[in-house]
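Hi everyone, thanks for coming. I'd like to walk you through a structure and point out a few places to look.

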Amino acid sequence: MKSLRVGVVGAGIVGLSHAWSAARRGHRVTVFERSPRAVGASIRNFGMVWPLGQPPGTPYRLAMRSRRRWLRLAREAGVWVRRCGSLHLAYREDERDVMAEFAAAAPDLGVACRWVDAERVRSRWPVANPDGLLGALRSPTELAVNPPAAIGQIATWLHDRLGVEFRFATRIVSAQGTALRSSTGAGWDFDRIVVCGGADAADLFPDQVRAAGIRLCKLQMLATEPQPGGWRIGPHIAGGLTLRHYRSFEVCPSLEGLKRRIASETPELDQFGIHVMASQDDLGRVILGDSHEYDDQIEPFDKQRIDDLILRELRRLIRLPDWSIGRRWHGIYAKHPQQAILRDEPRPELHLRTGTGGAGMTLAFGFAEEDWDQWSQTRDDFPATPAGD
Ligand SMILES: Cc1cc2nc3c(=O)[nH]c(=O)nc-3n(C[C@H](O)[C@H](O)[C@H](O)COP(=O)(O)OP(=O)(O)OC[C@H]3O[C@@H](n4cnc5c(N)ncnc54)[C@H](O)[C@@H]3O)c2cc1C
């Protein structure tokens, strides 16, 4: 196959995914990143690789393909990746109903998960608040990564191992024909260009972004100090609130009733788009979140009220040895009405790709592989790795 010159704009997870897929196929890749290092959504997230949240079928399959890539990065690039799985804890009957319905449908849907009764959850996962616990939906497929560390390591590894060239602190201001031009006036010519500008994709392609119906979404996040004595959370934790957030659960007949109950009991959660999750990084910090505020709701300053609500809901789900908060931040991603990754082709050799939802860490490698399978008419996959439990 002819070795192409490939230009990638953006060193977030979507840009890195394309750089990896292209370089593995023998292409000469240059990545342009406007900041001295990536600072977008890809370093601000939970670090949850979360196949369970993807609707069964193609999205779930792509998430599992991404998962194989993450495990490969752990082996080859030394990226910290933990096979932790996930646990949705149920405290209300409607939560239990949705989870049990999903677990019952899972084998036919090709999704690995099961219902676990309360007694077993209590004995196996002490992080779960035992008071009023009805049981949990257990999935073995989810992974934990440390986003800021992983994103930096992947870039270094792509450079050292596959010869990918990185031009940090280089802002691309135009993509015309097959040429990229930076703010200093420097220019580069490529055979294929992939623009992965994240929430700022509209800077280069305002018409495409507007036409796709993209909105901006702000999420508030917190992290505890490292937990004492090497304490580990075990699986990623979610609960009933999260069932209304991920499209995978739309197959469950009880979901609409659960949504109505939450909206009437706790409208403040819907107001700020709050559902709560917890993960733990390799340094022992527990990452807590999150909220979803859109477009005109977005302010530069974070809301204490949102942090308080996130912590209130999480304290209902989990018990941590130390709740001291060590960090607070927010991230912004572009949100497409339906798609998890925006795919637009302004010209035949120019591709716009941006994580447009809360699943870029879960899906980016799979989507990039699918693109490069198509562009180079080859399939390049790693063998499946058992999920384990
Ligand atoms: C708080 C939060 C929590 C999340 N949790 C998860 C999770 O646990 N699991 C999951 O799967 N997903 C999660 N997501 C979603 C995920 O983080 C995003 O989908 C993903 O990071 C988007 O990647 P990206 O590469 O498109 O964008 P980004 O990471 O934002 O990268 C875009 C890069 O392009 C650069 N850039 C932009 N314009 C230019 C230009 N003109 N020239 C040069 N460089 C440019 C930017 O500086 C940036 O580094 C979360 C998102 C947020 C905000």
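I'll start with the domains, move on to the ligand, and then go through helices, sheets and two backbone details.

One thing up front: this is a predicted model.

So, how is the protein divided? There are two domains: domain 1 takes in 5-47 + 148-213 + 339-376, while domain 2 takes in 86-140 + 215-335. If you take the C-alpha centres of domain 1 and domain 2, they lie 30 Å apart. The two do touch: 14 residues of domain 1 are in contact with 13 residues of domain 2. On the domain 1 side of that contact, you'll find five nonpolar, eight polar and one charged residues.

Now to the ligand. How many residues surround the ligand? The count is 44, and the closest are Gly12, Gly40, Gly198, Gly331 and Gly360. Five elements give two or more residues to this shell: helix H1 (13-24), strand E14 (215-224), strand E19 (325-335), strand E21 (350-355) and helix H11 (360-376). By class, the shell is made up of 20 nonpolar, 17 polar and seven charged residues. And where does the ligand lie with respect to the domains? Both domain 1 and domain 2 give residues to the shell, so the ligand lies between them.

Let's stay with two of those shell elements, the helices H1 and H11. A pair of packed helices is described by the angle between the axes and the distance between them. Here the axes of H1 and H11 come within 8 Å, with a crossing angle of roughly 35°. The crossing of H1 past H11 is right-handed. If you'd like to find the contact on screen, look in H1 for Ile13, Val14, Ser17, His18, Ser21 and Ala22. Their counterparts in H11 are Gly360, Met361, Ala364, Phe365, Ala368, Glu369 and Trp372. Sorted by class, this contact has eight nonpolar, four polar and one charged residues.

Another shell element, E21, has a strand partner. Strand E20 (residues 341-347) pairs with E21 in the antiparallel sense, over five bridges. The two form a hairpin with two residues between them. Which residue of E21 is the bridge partner of Ile341? That would be Gly355.

Next, two open sheets. The first one I'll show has three strands in the order E10-E11-E12, with antiparallel pairing. Strand E10 (172-176) and strand E12 (187-189) stand at the edges with a single partner strand each, so one side of each has no neighbour in the sheet. From one strand to the next, the twist averages 20°. E10 pairs with strand E11 (residues 179-182) over four antiparallel bridges, and Gln176 stands opposite Ala179 of E11.

The other open sheet also has three strands, this time ordered E3-E8-E4, and its pairing is antiparallel. Why is one side of E3 and of E4 left without a neighbour in the sheet? Strand E3 (48-49) and strand E4 (81-82) are at the edges, and each has a single partner strand. E4 and strand E8 (residues 143-145) pair over two antiparallel bridges, and Arg82 has Ala144 in E8 as its bridge partner.

Finally, the backbone details. As a reminder, most residues other than glycine have a negative phi, and most peptide bonds are trans. Which sense does the bond from Gly289 to Asp290 take, cis or trans? It is cis, with omega near -5°. Asp290 sits in the loop between strand E17 (286-289) and strand E18 (293-294). Then there's Ala169, which has a positive phi of about 55° although it is not a glycine. You'll find Ala169 in the loop between strand E9 (165-167) and E10, and E10 is one of the edge strands we met a moment ago.

That's my tour, so over to you for questions.

Definitions and conventions:
Residues numbered from 1 in each chain as written. Predicted model: local features only at pLDDT ≥ 70, side-chain atom pairs only at ≥ 80, totals over all residues. Near = placed C-beta within 6 Å. Nonpolar A, V, L, I, M, F, W, Y, C, P; charged D, E, K, R; others polar. Domains from an automatic or database assignment. Pairing = 2+ DSSP bridges. Axes fitted to C-alpha atoms, helices over the stretch in contact; angles between N-to-C directions. Left-handed = near helix turned anticlockwise from the far one by under 90°. Contact = placed C-beta atoms within 7 Å.
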